[in-house]
Every structure is written in structure tokens, then in C-alpha cells.
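User: I have a chain open on my screen and would like to talk through how it is put together. Can you walk me through it?

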Amino acid sequence: MGLRTWLRNRVLGRPKATFEAAKTTRVNADFFRPQTSADASLIGDLAALRNAARALARDNAHAREIKRTYRVNVIGHRGIQLQPQIRVASGDDLDERRNRIVLEEWQRWCRADSCDVSGLNSFHGFELAIPGAWCESGEVFFRLVRRPFGRSKVPLALEIIEADRLDEHYTGPSDRPGHKWRMGIEINEWGRPTRYKFLVNHPGDYELGSRPSDAMHVIVDAADIIHCYGLPERVSQTRFEPLLTPAIVQAQALREYQKAHLTRKRVQSNQLGWIQTPDGLEGDAVLDNRRVVDSEAGQWFRLNPGEVPVAPDLGPEDTSYAEVIKDNLRTQAVGVGVNYSTLSGDFSEGSYASLRISVFENRDYWRMLHTAIIEQFHQKVFEAWLNAAVLSGALPSPTFDDFWFRSERYTYPHWQARSWGLLDTSKDISAFEKARELQLETHADQVNNYTGNDFRRTIDQIASERDYKQQRGLLMPIDDPSQLQ
């Protein structure tokens, strides 16, 4: 708020709210609505949100399921696969030889000893780490280290850096004109990142006795950093909150409710009753000023004169326990973008139609994340790898000599994300056939969407299998349409 606006409001009073949601009444007076930027809202809370999300992912079964669901649907068991699309110099046909060489060399580099500076993660391991980090930290960083590791000749490897090491409290002017530091990232006048300031040691690594360093920070040029953050919630965000954030309060409340409910049930199971007596507590069976009586199933006790058995009164039975659990999990599922049925493991209440609608809507969300991770991670790594591979001769000369003046020929591959099976196989396959007949979809699109495989390789494999079966005399009717007449 500017000085002129503040003075006007002091003199003339604040303009009355027109929208009902903008009014402050005694009913919503505790609804805090600050006018802050995305970064200003995050800077004081980011570390606490990360720690809370990680605590949930460690100890809470539903939070662990959310993290697992993101990994399964964003990456899957095969990962997001590279399919080079290099065309021949004089036409639109694919250059199969160059594509094969690029793919083979890429797969060789994707091994753990070559693509990871530590030798611990394969490229698929890095892929799986990204959606997991989105859930717990909101973001993750990769540093491009331009030297060869392991068996690959390509002088490039990745260092994965947890979000805690980028100092979100480092904010202020830069030593370079027109630049400023914002939550550990130096940006220019257009908001484009130019440098990153990482802590030398993880702020939570003191338990392992990390040796203190003379330097607190290490500065890395933006050209060597890949910042993966998924889908921003607000415009102009510099740093990003964990995806588990909307579920933190609900998950903690559910945990406390379940603890209270189970404690009550334990008391009901263990506390059989009391014996009321007119005299004081005496004798050997007295513990902590209470007379203790051990009981077993089928036992009867003879009470002394004046003693009266009293049943425990634990209040009314909690009959809404299951509904409270369901309502809480539905809220968590909506907040983190997963299906309630997947999160809870309860598929009993949804109809086939409702589950089908929910599944298809959710798959659109996963496809949005596919696009985000490909743009933020896969394509950037591939382009850096391609430059390093040509420079090092891993992609041999003279086959790839034109890369330096026709790089666009090589830098537009297809990235095949994971696909999903059919919900109703017979109906969906009939729908596929009808869509091809009406030319609403191509066969290639259907192969990619259903199996996640490359269409050309699929057709080549089918032809190869047919030839082999024909050689062995095992050709089936489906392989020879003439036999179906």
C-alpha cells in the first residue's frame, strides 16, 4: 500500500467492500487475508512446510501413498522414454541409423555410474526422485557437471541437490548491476535466473558431524542448474511449496483423532470395571492406591460383604468414526490431486461410471505433470547431453558433423511418458477401431496412448514376429487375414 493510498484511507476512510467475500464481519474476522506476493508468503514458512511434509511422508500411511501415487503416475516403471526423431536431410522420413546411434548412446549414458556424479542413481532413479521431491519439498535441483564419469565417454553427469540447500533467506542486492538475490536465486531485471546460491552443507546435517567449511555458500551459474518444480500455484513464484501442503493440517488432525479413538478402545478392552467398597484400600492387591484384580475369560469373583461391582462409564459409543475418516481423506485427496479411492484403498462406494470419470479426469492431471517434467528436466538434460556427446565423439564424426549448423534437426525428440491400460477392454478396443475408421485418431496415437511404445518400433516388432512364426510353421489366423475368410 502506497503512502498516498494510506493517507486517503485515514482521511476519507476505506472504501466499503462491494463483494460479500471482501467484507469483514464478526463471523469472518479471524479470516486472515494479507496482500503478499507468492515469495513473501513462502519465505518464512518454507522450511517448516518441508519438514512437516517429510514427517508425514515418514510416518503417515496416506501421505506415503500420495508420494507413491505421484511416482507411479508421473514416471512409472519404465520412465519417460527418449524416442529420437531425426529426419533425413532431404525429406520427412526418419533417419533410422542416426536415431539408433543416439538412442544407444543415450541408454549407455543413463546407467548409474555414468549419469550420476555419486554413481548411485540411474537416470530412471533421478526421474523417480523428482515427483517424490515435489511431494516433500516442492522442488528439486540438478547441477550439470561437465566431465565424464563411469563407462560413458560423454563429459556430463548430474548432481541432485535437495531444496534445503538453496538458501531461501538469502535475499537482497547483488554485486552485479541490474540483478538482485531473491530467496537464493539471482535474477536479472526480467526475472530470469542468472545464478544460484547453495549452502555448502545441508542445514540439517549437523547430526552427522559434517566438517564446517570456510565458505558458507557456493555460487553456481544458472546455465549449470536445472530447477524442477512442477506446476506453479501463483504467477512469479521463485520457490515452491510441497504438494503435501494442503493435506498437512488434515492429516495431523486425523492422526490425533485416530489416536484418541484407539486409546478409548484400549481402555474399553482393558478396563473391566471397579469394585466399590465401604472400607479403605488395604491388603496385598493394592497398587497406586487402587485395588487391582486380574481377570480371565470365564471367571467369577465372590465379593466381600459391602462390596458392589461398578461397570465403567466411558460415555456414548463413537458411531461416526468411519464417516469422519472418509470425510478427512476426501479432503486430503482433493487437496493433493489424487483419487479418494486410490488414497484410501476403498473402492466399495463408487459406481463404475463415477470411477471412470474420476480416473480420466485424474489422468489429464498426470499428463500435465508429464509435460512439466519433460520441459523442465528431460529436454534440458538431453540438449546438454547432445552437445557433450558430439564434442566428445561419442556421437561419431562425420555422421553428426552437421549438428553444429543444423542442431534443430536433433533437438526435437519425442518423449514417451507412461500410459494406462483400458478400463473396459472390449468396449474400449471397439471404440479405438471406430475412431480409426472415422479418422478421429491415428493408429500411432493409439499405440502411444495405450502401450506407451513407439509406433514404428511396435509395427517392426510385429512384422518380425510374424516372419519368425511363419518360419516355424506357427502362423496363427490373426497373423494371416486370408485364413479368417
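Analyst: What follows goes through the overall make-up, the sheets, two helix pairs and the cysteines. Please keep in mind throughout that this is a predicted model.

User: Fine. How many helices and strands are in the chain?

Analyst: The secondary structure comes to 14 helices and 14 strands, and of the 485 residues in the chain, buried ones make up 34%.

User: And what share of the contacts is between residues 24 or more positions apart?

Analyst: Counting the contacts in the chain with a separation of 6 or more, 65% are accounted for by residues 24 or more positions apart.

User: Let's do sheets. What is the strand order in the open sheet of 3 strands?

Analyst: The order is β3-β2-β9, and the pairing is antiparallel. From one strand to the next, the twist averages 25°.

User: Which strands stand at the edges there?

Analyst: Those are β3, residues 157-162, and β9, residues 225-228; each has a single partner strand, so one side of each is left without a neighbour in the sheet.

User: How many bridges are there between β2 and β9?

Analyst: Strand β2, which covers residues 140-145, pairs with β9 over 4 bridges in the antiparallel sense. To place that pairing on your screen, look for R143, whose bridge partner in β9 is I225.

User: What about the open sheet with 5 strands, what order does it have?

Analyst: That sheet is ordered β4-β5-β6-β7-β8, again with antiparallel pairing. Its edge strands are β4 (172-173) and β8 (217-221), each of which pairs on one side only.

User: Which residues do β6 and β7 cover, and how many bridges join them?

Analyst: Strand β6 spans residues 185-187 and strand β7 spans residues 193-199; they run antiparallel and are joined by 3 bridges. Within this pair, I187 stands opposite P193 in β7.

User: Switching to helices. How do the axes of α3 and α4 cross?

Analyst: The axes of helix α3 (residues 46-59) and helix α4 (residues 61-74) cross at roughly 100° and come within 6 Å. That angle makes α3 roughly perpendicular to α4, as crossings of 65 to 115 degrees are classed that way.

User: Which residues meet there?

Analyst: On the α3 side they are L56, A57, R58 and D59, which meet A61, A63 and R64 in α4. By class, the residues of this contact divide into 4 nonpolar and 3 charged, with no polar ones.

User: And how are α12 and α13 arranged?

Analyst: Helix α12, residues 425-437, and helix α13, residues 443-451, have axes that come within 10 Å and cross at roughly 155°. The two helices are therefore roughly antiparallel to each other, given that the class takes in angles over 145 degrees.

User: What does each side bring to that contact?

Analyst: From α12 there are F432, A435 and R436, and these meet H443, Q446 and Y450 in α13. The contact of α12 with α13 has 3 nonpolar, 2 polar and 1 charged residues.

User: Last topic, cysteines. How many disulfides does the structure hold?

Analyst: The structure holds 0 disulfides. C110, for instance, is in no disulfide, and the nearest cysteine sulfur, that of C115, is 6.1 Å away, whereas a disulfide would need the sulfur atoms within 2.5 Å.

User: Are C110 and C135 buried or exposed?

Analyst: C110 is buried, because its relative accessible area is 14%, which falls under the 20% limit. C135 is buried as well, with a relative accessible area of 0%.

Terms used: Residues numbered from 1 in each chain as written. Predicted model: local features only at pLDDT ≥ 70, side-chain atom pairs only at ≥ 80, totals over all residues. Heavy atoms only, no water. Axes fitted to C-alpha atoms, helices over the stretch in contact; angles between N-to-C directions. Parallel < 35°, antiparallel > 145°, perpendicular 65-115°, else oblique. Contact = heavy atoms within 4.5 Å. Nonpolar A, V, L, I, M, F, W, Y, C, P; charged D, E, K, R; others polar. Pairing = 2+ DSSP bridges. Buried < 20%, exposed > 50% of the residue type's maximum accessible area, 1.4 Å probe, protein only.
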